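Subject: Structure handover

Hello,

Here is the structure I promised to pass on. My notes on it follow below.

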Amino acid sequence: MGIVLGPNRYGKAENRVVRIVRDTERHEIRDLNVSTSLRGDFAAAHTDGDQSQVLPTDTQKNTAFAWAKKHGISSPEDYALALGGRLLAATPVADGVTVKVEECAWDRIEVDGAGHDHAFVRRGGEVRTTTVDLTRDGAQVVSGLQDLVVLKSTGSEFKGFLRDEYTTLPDADDRILATAMRAEWRYVPGADAGSGRDWNATYDAVRALLLATFATTYSRALQETLYAMGRAVLEAHDEIAEISFAAPNKHHFLVDLAPFGLDNPGEVFIAADRPYGLIEATVTRGEER
Ligand SMILES: O=c1[nH]c(=O)c2[nH]c(=O)[nH]c2[nH]1
């Protein structure tokens, strides 16, 4: 019995395509995880090292981003059909293509009862936390949240930073700012170990304040945004002594579509998962500096 090539297919998995529609002040966001896979007669690539009929996975990736601009994303289905059609057309020996799309849902951040124009919170996934430490003298309560994923599609810059011979980052006048927030706030120890407090109401109020402050504060760095959020919480809540943040800067890189004759004025981004900046800060009560 000889050895033969069995079923095979290939493509680029998990392209993190973020498309912002910014034709008006009220931005729209579509956030997709796109995987493509071509199948057909690709035997020569396996048995003879012949790539002449192989559309590179890198090209499939570029097409996924270019189609987010060119075709747009009115729905995952419509985008996937269009992208699949293009990949089939571009690859003569392919007889099929699978385009798998996962969409992350974003809601507008609510500010004063209305959805914000360009600040969004990812649906689902966030976790409420608390750590209570009890002694005979009383209780220490630290509450918080983690994986609260927020994004603003404008109203964020990062420039004027320290440069040395290893600095390549250009100044950014208008960038996406996104983070998966972890915040923990420590309550001032209360009478009865604070048992009379409405912990749920405070949690809801702090969460709403964090979101609204993220949405409405022009950001010159994630550091400034964290400080503004912490300040807003301490100003509004005497019962909170301090608040700490750990916030990954979830980088969204503008995709260069110029090689495909497409401009990209802040519309199509690749969402990188790592590495990420990690910004940590505590905002506390004390003497003003
Ligand atoms: O908000 C930011 N803070 C930083 O410290 C930093 N560093 C960096 O490369 N990008 C950013 N963005």
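Which residues are around the ligand? The model is predicted, and in it the ligand is surrounded by F158, L169, R175, A221, L222, Q223 and N249. By class, that shell holds four nonpolar residues, two polar ones and one charged one. The nonpolar residues are F158, L169, A221 and L222. Q223 and N249 are the polar pair. R175 is the charged residue.

Where does the ligand sit? Its place is the largest pocket.

Now the polar contacts with the ligand. Here are three:

- R175 uses its side chain: a polar atom there lies 2.8 Å from a ligand oxygen.
- L222 uses its backbone: a polar atom there is 2.7 Å from an oxygen atom of the ligand.
- Q223 uses its side chain: a polar atom there lies 2.8 Å from a ligand nitrogen.

How much of the ligand's accessible area does the protein cover? On its own, the ligand has 290 Å² of accessible area, and the protein covers 72% of that.

Next, the salt bridges. Searching the whole structure gives 19 of them. One joins the side chains of R16 and D31, with an N to O distance of 2.6 Å. This pair links distant parts of the chain. R16 is in strand β1, residues 15-21. D31 is in strand β2, residues 28-40. The two residues are 15 apart in the chain.

Two backbone details are also for your list.

Which peptide bond is cis? The bond from R274 to P275 is, and its omega is near -10°. P275 belongs to the loop that runs between β11 (268-271) and β12 (277-284).

The other detail is at D112. Is its phi positive or negative? Phi of D112 is positive, near 50°, and D112 is a residue other than glycine. D112 is also in a loop, the one between β4 (106-111) and β5 (114-122).

To recap the ligand site: the ligand is in the largest pocket, with R175 and Q223 offering polar side-chain atoms at 2.8 Å and L222 a polar backbone atom at 2.7 Å.

Best wishes

Key. Residues are numbered from 1 along each chain as its sequence is written. This is a predicted model: local features need pLDDT of at least 70, side-chain atom pairs count only at pLDDT 80 or more; totals for chains, interfaces and linings use all residues. Side-chain values use heavy atoms; hydrogens and water are left out. A residue is near a molecule or strand if one of its heavy atoms lies within 4 Å of it. A polar contact is a pair of N or O atoms within 3.5 Å; within protein, one must be able to donate a hydrogen and the other to accept it, and residues adjacent in sequence count only if both atoms are side-chain atoms. Accessible areas come from the Shrake-Rupley method with a 1.4 Å probe; for residues, only the protein chains shown count as cover. On a 1 Å grid over the protein atoms alone, a cavity is a set of points where a 1.4 Å probe fits but cannot get out, and a pocket is an open set with protein on both sides within 12 Å along at least five of seven lines; lining residues have an atom within 4 Å of a point. A molecule sits in a cavity or pocket if more than half of its atoms lie within 2 Å of its grid points. A salt bridge is a side-chain nitrogen of Lys or Arg within 4 Å of a carboxyl oxygen of Asp or Glu. Helices (H or I, at least four residues) and strands (E, at least two) are DSSP runs, numbered from the N terminus.
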